[in-house]
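Open your viewer, show the cartoon, and get ready to select residues as we go. We will take one stop at a time.

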Amino acid sequence: MNKKHLAVYAGVAVLFAAAGAYTGMKKEAAPITATAPAGVTGPVQTLLAQTMPNAAGKATPLAQYQGKAMLVNFWATWCAPCVQEMPELSALSSGEAGKKLQVIGIGIDSPTNIAEFSAKYKITYPVLVAGMSGTDLSRQFGNVNGGLPFTVLIGADGQVRKTYLGKLNFDELNKDLASL
């Protein structure tokens with residue numbers, strides 16, 4: 001192949017890339033809606049109706065946490081703030097607060113990535129694998145843009161007490177936990 005052909009092919013590739021980028025920027029994203037199982041009416045009920053595999057692949061029904069206060073943390077292995085807050089979440093889970101609060105990590109990532117991550121780091125709370133459906137679930141709790149980390153504080157009565165977008169401020173969280 002000569003230099004003239006190579007230049008033409010490169011020019012065509014650049015045009016296709018530019019056209020694709022332009023088209024992608026001009027398209028409006030379709031609204032994403034997650035549907036709850038039959039008879040389920042709200043995000044907490046939708047959450048409790050789920051069964052998700054843990055990092056080892058074992059099915060974990062979230063209904064087992066019904067009636068207990070929960071701190072549900074949506075995260076991903078590639079999300080630096082998510083990973084940074086995990087040691088504090090582990091300390092919270094294994095400390096005094098963990099006696100009345102169930103911390104749950106819902107990974108929006110592949111089962112392989114979450115299994116490797118969990119093997120590398122010692123996390124003291126259940127880490128479950130939701131994949132991309134976890135994003136839909138977090139949107140039901142008000143995480144409109146699907147940002148991570150996203151954490152939901154749920155009272156033992158099944159009511160959402162507060163949601164947190166971004167890395168947790170543990171001083172604020174501890175104050176909120178005191179009101180449970």
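**Stop 1: a ring in the interior**

Select F74: because its relative accessibility is 0%, F74 counts as buried (buried means under 20% relative accessible area, exposed over 50%, partly exposed in between, with a 1.4 Å probe and protein chains only). Before moving on, a word about what you see: this is a predicted model, where local features need pLDDT of at least 70, side-chain atom pairs count only at pLDDT 80 or more, and totals for chains, interfaces and linings use all residues. Residues are numbered from 1 along each chain as its sequence is written, and side-chain values use heavy atoms, leaving out hydrogens and water.

**Stop 2: aromatic partners**

How many aromatic pairs are there? The count comes to four; rings of Phe, Tyr and Trp (its six-membered ring) pair if their centres lie within 6.5 Å, with planes under 30 degrees apart counted as stacked, over 60 as edge-to-face and the rest as tilted. Add F141 to your selection: F74 and F141 make a tilted pair, 6.4 Å centre to centre with 50° between the planes. F74 sits in strand β3 and F141 in the loop between α5 (133-140) and β6, 67 residues apart (helices, H or I, of at least four residues and strands, E, of at least two are DSSP runs, numbered from the N terminus). F141 is buried too, at 9% relative accessibility. Now add F150, which forms one aromatic cluster with F74 and F141.

**Stop 3: the sheet**

Colour the strands next. Five of them form an open, mixed sheet in the order β5-β4-β3-β6-β7 (two strands pair if DSSP finds at least two bridges between them). Its edges are β5 (127-129) and β7 (160-165), each pairing on one side only. Your F150 stands opposite L165 in β7, and β6 (residues 150-154) runs antiparallel to β7 over five bridges.

**Stop 4: strand β4**

Is β4 mostly covered or uncovered? It is mostly covered: seven of its seven residues are buried. Select L101, V103, G105 and G107 on one side, then Q102, I104 and I106 on the other. In a regular strand, side chains alternate between the two faces of the sheet. β4 pairs in the parallel sense with β3 over seven bridges and with β5 over three. Look for V103 as the bridge partner of L71, and for G105 opposite V127 in β5.

**Stop 5: a helix on the sheet**

Finish with helix α6 (residues 170-178), which lies across β3, β4, β6 and β7 (contact means heavy atoms within 4.5 Å).

Notes:
Axes are lines fitted to C-alpha atoms, for helices over the stretch in contact, and angles run from 0 to 180 degrees between N-to-C directions.
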